[in-house]
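This briefing goes through a few features of one protein structure, grouped by topic. Keep the sequence and the 3D view open while reading.

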Amino acid sequence: MPGRYFEGNHPELESRLENHFARVRNSFKEKGWRGSLVLGGGYGRGEGGVMRGPEGVGFSNDLDYFLFDDAPGDPRLVSWCRETERSESVVLGIDVEIKCLRADSMGDPGRSMMFGDLVAGHVVVAGDAGFLARLREGLDFSRIAPEEAMRLLWNRGSGLLFSCCRMGRDEEKAFVIRNHAKLKLALGDAWLCLNGLYSPKCRERDARLANCDLPEGLSGLRKWHAEGVEFKFHPFAGGVAWSELEDQSRRLTEAWGVTYLAAEGKRLKRHFSGFPEYLAVPRLLHGTSFARNLALAGRDMLKRGGFLRPLGDYPRAGLMRAL
């Protein structure tokens, strides 16, 4: 019988998680917080990874918490979150992260991959998060915004870049393998997102991608996505030669480029024949005004001695161009 937090049944890990929840819940109540503490991510959706090793099974994913509160910036609350993150990360051996925010800051969860996943599957650890169950009734992932595909690819593309920098160093092989697997999953997920076919369940996404029409240059996404799904549930840290990882890195980079330009083309409502044309766009991000972007550049010049170009675009766009 499958467990609550994993695809398979792992009573020892489930017990460790339950004990962790009890510690956090008791501390939450002792402090008198009135908000809601909710576990999202893979373990919150019942899709947590299980790492097998010589000493048995262990956790592999981070624990991603969302703390909904009317005053998310309260220094006392933030301090409690940071201390809880530190102490529980040591006990569990994985990173524990808590994001503090107001419930109304989620906006329309059907437009967001992160918030949509959270609404679709989560574990309430403390407080009352009934508003998430009510939001689930009208959840429609066919309306997910193309910005979500761009953000996903940007994050995983950064991981691929960091992996390239660590290629050939045996102590970093697990990092490279993990980030390749994450990108394999993300490429297919981004394509589904762009075509209104995204689902919060990765097995369901894999089935949809298997029946999805793909352009000739991206036909490898199906195989890669299936490998990414299997790694998500059953990760590993070795057993792959560096030569294979180097070849894989080249092919993943090419596929990332094609998928990224497709995502950005849909977001910006224009066709890009290649990256030179994309890099020539004066402004990639339109969430802030030209005047505010100039002010941010001035701030960075005063504080850091320089600013990201082109002048007038939001600073993050400079990093997007560099990637």
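D108 is partly exposed, with a relative accessible area of 36%. The model is a predicted one, and D108 is a useful place to enter it. The side chain of D108 meets that of R143 in a salt bridge, with 2.8 Å from N to O. The points below start from this pair and then turn to the sheet and to two helices.

**Salt bridges around R143**

- D108 sits in the loop between β5 (96-101) and α4 (113-120), while R143 sits in the loop between α5 (130-136) and α6 (146-165), so their salt bridge ties together parts that are 35 residues apart in sequence.
- R143 is partly exposed, because its relative accessibility of 31% falls between the limits of 20% for buried and 50% for exposed.
- R143 also forms a salt bridge with D140, and here the closest N and O atoms are 3.8 Å apart.
- D140 counts as partly exposed as well, at 32% relative accessibility.
- Another group, made up of R166, R169, E171 and E172, is joined into one network by salt bridges that share partners.

**A salt bridge within one helix**

- R82 and E85 form a salt bridge in which the closest N and O atoms are 2.8 Å apart.
- Why can the two be described as about one helical turn apart? R82 and E85 both belong to helix α3 (residues 75-92) and are three residues apart there, so about one helical turn separates them.
- Is E85 buried or exposed? E85 is buried, since its relative accessible area of 14% is under the 20% limit.
- R82, in contrast, is partly exposed, with a relative accessible area of 30%.
- Counted over the whole structure, there are 24 salt bridges.

**The sheet**

- Four strands make an open sheet in the order β5-β4-β1-β6, and their pairing is mixed.
- The edges are taken by β5 and β6 (123-126), each of which has a single partner strand, so one side of each has no neighbour in the sheet.
- From one strand to the next, the twist averages 30 degrees.
- Strand β4 (residues 63-68) pairs with β5 in the parallel sense, over six bridges.
- Which residue of β5 is the bridge partner of L63? The partner of L63 is V96.
- Y65 stands opposite I98 in β5.
- Between these two strands, the chain goes from β4 through α3 to β5, and this β-α-β crossover is right-handed.

**Two helices that cross**

- Two packed helices are described by the angle between their axes and the distance between the axes.
- For α6 and helix α10 (residues 242-268), the axes come within 9 Å and cross at roughly 155 degrees.
- That angle makes α6 roughly antiparallel to α10, because angles over 145 degrees count as roughly antiparallel.
- The crossing in which α6 passes α10 is left-handed.

Notes
Residues are numbered from 1 along each chain as its sequence is written. This is a predicted model: local features need pLDDT of at least 70, side-chain atom pairs count only at pLDDT 80 or more; totals for chains, interfaces and linings use all residues. Side-chain values use heavy atoms; hydrogens and water are left out. A salt bridge is a side-chain nitrogen of Lys or Arg within 4 Å of a carboxyl oxygen of Asp or Glu. Buried means under 20% relative accessible area, exposed over 50%, partly exposed in between (1.4 Å probe, protein chains only). Two strands pair if DSSP finds at least two bridges between them. A crossover is right-handed if, with the strands pointing away from the viewer, the path from the first strand over the helix to the second runs clockwise. Axes are lines fitted to C-alpha atoms, for helices over the stretch in contact, and angles run from 0 to 180 degrees between N-to-C directions. Angles under 35 degrees count as roughly parallel, over 145 as roughly antiparallel, 65 to 115 as roughly perpendicular and the rest as oblique. A crossing is left-handed if the near helix is turned anticlockwise from the far one by less than a right angle, and right-handed if clockwise.
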